[in-house]
Amino acid sequence: MTQPEALQSLLESVAAGQVSPATALDKLKNFTYESVGDFAKVDHHRTLRTGFPEVIWGPGKTPDQIAQIMEAMRLHNPVVMATRIAPDVFTQLQEKIPDVQYYSTARICALAPAAPKPTHSGLITLISAGTSDLPVAEEAAVTAELCGFQVQRLWDVGVAGIHRLLNNREAIAQADVLIVVAGMEGALPSVVAGLADCPVIAVPTSVGYGASFGGLAPLLTMLNSCAAGIGVVNIDNGFGAAILAGQILRTAHKLQLRTSS
């Protein structure tokens, strides 16, 4: 049950006299946010506001802090995510939370169903330029899947061998949102946007030789693209790209419902 569904059920139970106002108040006392130790305030209300629960940023937090936050969040959300988790941190987390899952390439830890099923309409297609871009691309793919979206992966189809990309034109045409991940010179999103009739979210990565300046060169290429319909997120921000893609699809669904009603 999602948080909005849980709130609706609780209010209906109060209205039906099945739950007392005092009991409902007790259930709602941590509904907006909850203090965890003296180091975090978990935003339980975020799902209602934005459609997605708060996600834990791993770097800078100790394994014990991450574990405490995850345990607090799992009581309110069907999926709990922590990003940028190193393997040694996961090992320590697993000692504290045995059922935590680890997506090693994406560097994501999650408390979620083993094989989450899509709960939202629309297809998000992930395209990566090269194998070295996979950590960022997988971060986007796993985030989108854990958020309830159907995901399609097209890996290692960069512009240096453009026939690999062109062989996937049918898959590109099927996408409702495209996330294109590339380092080096960052030309791939421009090429993809010239083939696609849907929004393209470009993700520059820090992959490349010295003159790529840790991802700054592909970032500037993507921002200066001559192809229309491209939005650009920050360097290596696969997570942010997935959330943006999800918001685009959820907005399209809301507009469809509004039109049909």
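A residue is called buried when its relative accessible area is under 20%, exposed when that value is over 50%, and partly exposed in between. In this predicted model, arginine 153 has a relative accessible area of 31%, so it falls in the partly exposed class. Its salt-bridge partner is glutamate 138, with the two side chains meeting at 2.8 Å from N to O. Arginine 153 sits in strand 8 (residues 150–154) and glutamate 138 in helix 6 (residues 134–146), so the bridge ties together parts that are 15 residues apart in sequence. Glutamate 138 has a relative accessible area of 15% and is therefore buried. The pair thus joins a partly exposed arginine to a buried glutamate.

The search of the whole structure turned up seven salt bridges. Another of them is formed by the side chains of aspartate 99 and arginine 74, at 2.5 Å from N to O. This contact links distant parts of the chain, 25 residues apart: aspartate 99 belongs to the loop between helix 5 (87–96) and strand 5 (101–103), while arginine 74 belongs to helix 4 (residues 63–74). Aspartate 99 is partly exposed, at 42% relative accessibility, and arginine 74 is likewise partly exposed, at 30%. A salt-bridge network connects these two residues with Glu71. A further bridge brings together the side chains of arginine 164 and aspartate 156, with 3.4 Å between N and O. Here arginine 164 has a relative accessible area of 27% and counts as partly exposed; aspartate 156, at 34%, is also partly exposed.

Helix 6, which carries glutamate 138, deserves a look of its own. The helix has 13 residues and spans 17 Å from its first C-alpha to its last, close to the 18 Å expected at 1.5 Å a residue. Of those 13 residues, 11 are buried, so helix 6 is largely enclosed by the rest of the structure. Among the buried residues are Leu134, Val136, Ala137 and Leu146, along with Glu138, Glu139 and Thr143. After the helix comes glycine 148, which has a positive phi near 100°.

Helix 6 also takes part in the largest nonpolar core. This core has 22 residues, and those touching the most other members are Ile124, Leu126, Ile179, Ile201 and Val203. At least two core residues come from each of strand 7 (123–128), helix 6, strand 9 (177–182), strand 10 and helix 11 (238–260). Isoleucine 201 gives a good view of the surroundings: beyond its neighbours within four places in sequence, isoleucine 201 contacts Val177, Leu178, Ile179 and Val180, together with Gly231, Val233, Ala241, Leu244, Ala245 and Ile248.

Strand 8, the home of arginine 153, also holds glutamine 152. Not counting residues up to four places away in sequence, glutamine 152 touches Leu123, Ile124, Thr125 and Leu126, as well as Ala171 and Gln174. Glutamine 152 and valine 233 are 81 residues apart in sequence, and 20 Å separates their C-alpha atoms.

Two further buried residues come from other elements. Methionine 70 lies in helix 4 and has a relative accessible area of 0%, so it is buried. Its contacts, leaving aside neighbours within four places in sequence, are Ile56, Val80, Ile97, Val100, Cys109, Ala110 and Leu111. Methionine 70 and valine 157 are 87 residues apart in sequence and 36 Å apart in space, C-alpha to C-alpha. Threonine 83, in strand 4 (residues 80–83), is buried as well, with a relative accessible area of 4%. With neighbours within four places in sequence set aside, threonine 83 is in contact with Val55, Ile56, Trp57, Gly58, Pro59, Arg107, Ile108, Glu139 and Phe239. Ile56 is thus a contact of threonine 83 and of methionine 70, and Glu139 is one of the buried residues of helix 6.

Nonpolar side chains are found on the surface, too. Phe213, Leu216, Leu220 and Leu223 make up a surface patch with about 410 Å² of accessible area together. Phenylalanine 213 is placed in the loop between strand 10 (200–204) and helix 10 (216–223), and at 60% relative accessibility it counts as exposed.

Technical notes: Residues are numbered from 1 along each chain as its sequence is written. This is a predicted model: local features need pLDDT of at least 70, side-chain atom pairs count only at pLDDT 80 or more; totals for chains, interfaces and linings use all residues. Side-chain values use heavy atoms; hydrogens and water are left out. A salt bridge is a side-chain nitrogen of Lys or Arg within 4 Å of a carboxyl oxygen of Asp or Glu. Helices (H or I, at least four residues) and strands (E, at least two) are DSSP runs, numbered from the N terminus. Buried means under 20% relative accessible area, exposed over 50%, partly exposed in between (1.4 Å probe, protein chains only). Patches are made of residues with over 30% relative accessible area and no salt bridge: like charges are joined within 9 Å, nonpolar side chains (Val, Leu, Ile, Met, Phe, Trp, Tyr) within 5 Å. Accessible areas come from the Shrake-Rupley method with a 1.4 Å probe; for residues, only the protein chains shown count as cover. The expected span of a helix is 1.5 Å times one less than its number of residues. A nonpolar core is a set of buried Ala, Val, Leu, Ile, Met, Phe, Trp, Tyr and Cys residues joined through side-chain atoms within 4.5 Å. Contact means heavy atoms within 4.5 Å.
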